[in-house]
Amino acid sequence: MKKVIELSINGDLYEVLVSPNQTLLEVLRDQLGLMGTKRGCDLGACGACTVLINGEAYLSCIMLALDGVGKEIQTIEGLNQTKDLHPLQKAFVEVGGIQCGFCTPGMIMTAQAILNEPEKPTEDGIKRKMAGNLCRCTGYKKIVSAVMSAAEPAGEEV
Amino acid sequence: MRLPKFSYFEPVSLEEAVSLLSQGGSAKILAGGTDLLVNMKHKIEVPSALVNIKKIEGLDYIRTHQGAVHIGVLTTLKKISQDPFLQEKIPALTQAAASVGSYHHQCMGTLGGNICQQNRCKFYNQSEWWRSTNGPCLKVGGKVCHVVAKQENCFSSYCGDVAPALLALESRVVVQTKNGTKDMALENLFSGKGLAPLALQSGELLKEIVIPEAVLNGRSSYAKFANRESIDFPIVGMALWLSPEKKEYRAAFTAVDRRPLRATSVENLLNQKDLTEDLIEEAGSLAAKEAQPVKTSLYSSAFKKKMMGILLRRALKETERGTQS
């Protein structure tokens with residue numbers, strides 16, 4: 001049975017009518033028009049649909065929309081709070097961590113989840129944690145470099 | 001890929017969850033969803049209802065009580081893998097949790113969900129379209145098993161990473177039932193049946209895992225061979241626990257049978273003995289006889305058996321080096 005729920009996405013509250021069998025990804029893209037989150041494998045194996053749920057990396061294609069109630073959902077659209085690009089986005093552009101761009105939103109959201117963790121990220125840690133995000137252009141080296149360079153200033157502040 | 005239709009419930013207590021699960025039909029428990037929802041997208045599991053237990057408070061904890069470690073079933077794999085106390089005392093568990101799927105799966109996936117994951121098989125974990133070319137296998141309502149053509153048996157493999165670690169650590173599980181809770185050895189949670197891998201009655205669900213104090217002073221590790229290190233289920237996985245002082249050994253394998261297996265003959269061979277080259281070699285050869293894997297993945301039975309020996313020998317040697325240093 002369909003139900004009206006409230007979802008908190010990028011700091012805004014959205015009221016949406018959803019069926020229990022709708023995934024968060026379907027609601028984000030098809031109902032709310034937030035197309036930044038990509039539909040890749042749709043089976044939780046490629047990471048393209050990564051969003052942040054309370055700051056952690058979740059695969060929105062294998063999460064029910066109903067399960068998002070009461071949680072802080074963040075998508076790529078909500079990453080930069082100013083007109084400028086977010087430091088992670090800047091780093092991806094500057095280092096060249098983008099080829100076709102399809103995997104980029106998922107990559108950046110996973111990277112943000114890694115930066116949200118208390119420990120300073122290491123190159124090895126970034127590689128392990130981002131291994132669930134597939135890039136078919138296979139530009140992994142520059143993606144890891146971009147995350148490392150975005151992590152540096154944060155590390156220096158500590 | 002749309003999920004099939006189902007009714008949805010969010011109980012706020014274990015009692016309410018038990019009552020919802022006991023109402024008949026084919027209701028399933030939803031926790032992290034990383035296994036169940038993928039299977040539902042493939043239409044290999046089509047439950048009438050999903051009972052989302054994540055709104056039940058007080059099931060997400062790691063604590064010690066009278067020396068034993070108690071972990072709530074809703075504790076995420078990420079939390080377990082990053083817990084400093086567990087990393088120091090029982091690395092087999094943290095290594096196993098860190099080897100599950102990708103980082104995302106570890107953020108979403110729960111301990112209970114990982115233990116209770118569905119068995120796997122190359123004929124089962126496929127899309128509806130793929131399966132239609134072969135006709136349904138026994139596990140999705142067909143009449144024959146495509147791996148081993150015996151009508152009454154499903155040979156799907158249990159492929160969880162965390163269960164072998166917990167088996168080697170001699171863990172117990174607390175199960176919520178209609179009449180309160182019951183405590184059982186983790187080993188008895190697994191039925192050994194491919195069609196229904198868990199020995200739970202309808203309406204029963206896991207509440208917590210208890211790891212006994214006695215294993216906290218040993219050494220342990222989890223090793224996994226998989227296609228890709230980053231995201232795959234194990235082709236063969238093995239957990240080892242040993243106490244150099246007491247000369248006690250526990251080993252458990254995953255992905256080689258319909259349930260995770262304790263390697264009892266290997267344990268019997270090793271117990272009360274010092275590790276020597278010859279003994280490690282002998283244990284490795286014996287490991288291959290602990291299971292009769294069938295070809296549920298792209299890897300042959302012979303390959304899996306060989307890998308069982310290799311993983312065990314490697315783990316024993318690494319532990320021996322640790323002992324000597």
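Me: Which side chain of opposite charge is nearest to A:R29, and how far away is it?
Reply: That is A:D30, at 4.7 Å, and A:R29 has no salt bridge although it is buried. A salt bridge here is a side-chain nitrogen of Lys or Arg within 4 Å of a carboxyl oxygen of Asp or Glu, and buried means under 20% relative accessible area, with exposed over 50% and partly exposed in between (1.4 Å probe, protein chains only). Lys and Arg count as positive and Asp and Glu as negative, while His and the chain ends are not counted.

Me: What kind of model is this, and what is left out?
Reply: This is a predicted model, in which local features need pLDDT of at least 70 and side-chain atom pairs count only at pLDDT 80 or more, whereas totals for chains, interfaces and linings use all residues. Side-chain values use heavy atoms, with hydrogens and water left out.

Me: Back to A:R29, which backbone oxygen does its side chain reach?
Reply: The side chain of A:R29 reaches the backbone oxygen of A:M35 at 3.1 Å. A:R29 itself lies in helix α1 of chain A, residues 24–31, where helices (H or I, at least four residues) and strands (E, at least two) are DSSP runs, numbered from the N terminus.

Me: What else is it in contact with, leaving aside neighbours within four places in sequence?
Reply: With those neighbours set aside, A:R29 is in contact (heavy atoms within 4.5 Å) with A:L34, A:M35, A:T37, A:K38 and A:R39.

Me: Switching topic, how many salt bridges are there over all chains?
Reply: A search of the whole structure finds 26. One of them joins A:D67 to A:K71, with the closest N and O atoms 3.6 Å apart, and both A:D67 and A:K71 are buried.

Me: And in chain B, what does B:R262 pair with?
Reply: B:R262 forms a salt bridge with B:E170, the closest N and O atoms being 3.4 Å apart. B:R262 lies in strand β12 (residues 261–262) and B:E170 in the loop between α9 (162–168) and β6 (172–177), so the pair ties together parts of chain B that are 92 residues apart in sequence.

Me: Is B:R262 buried or exposed?
Reply: B:R262 counts as buried because its relative accessibility is 15%, whereas B:E170, at 36%, counts as partly exposed.

Me: What about B:E281 and B:R313, where do they sit?
Reply: Their side chains meet in a salt bridge at 3.3 Å, N to O. B:E281 is in helix α11 (residues 277–287) and B:R313 in helix α12 (residues 301–324) of chain B, so this pair links distant parts of the chain, 32 residues apart.

Notes:
Residues are numbered from 1 along each chain as its sequence is written. Chains are lettered from A and ligands numbered from 1 in the order in which they are written. A polar contact is a pair of N or O atoms within 3.5 Å; within protein, one must be able to donate a hydrogen and the other to accept it, and residues adjacent in sequence count only if both atoms are side-chain atoms.
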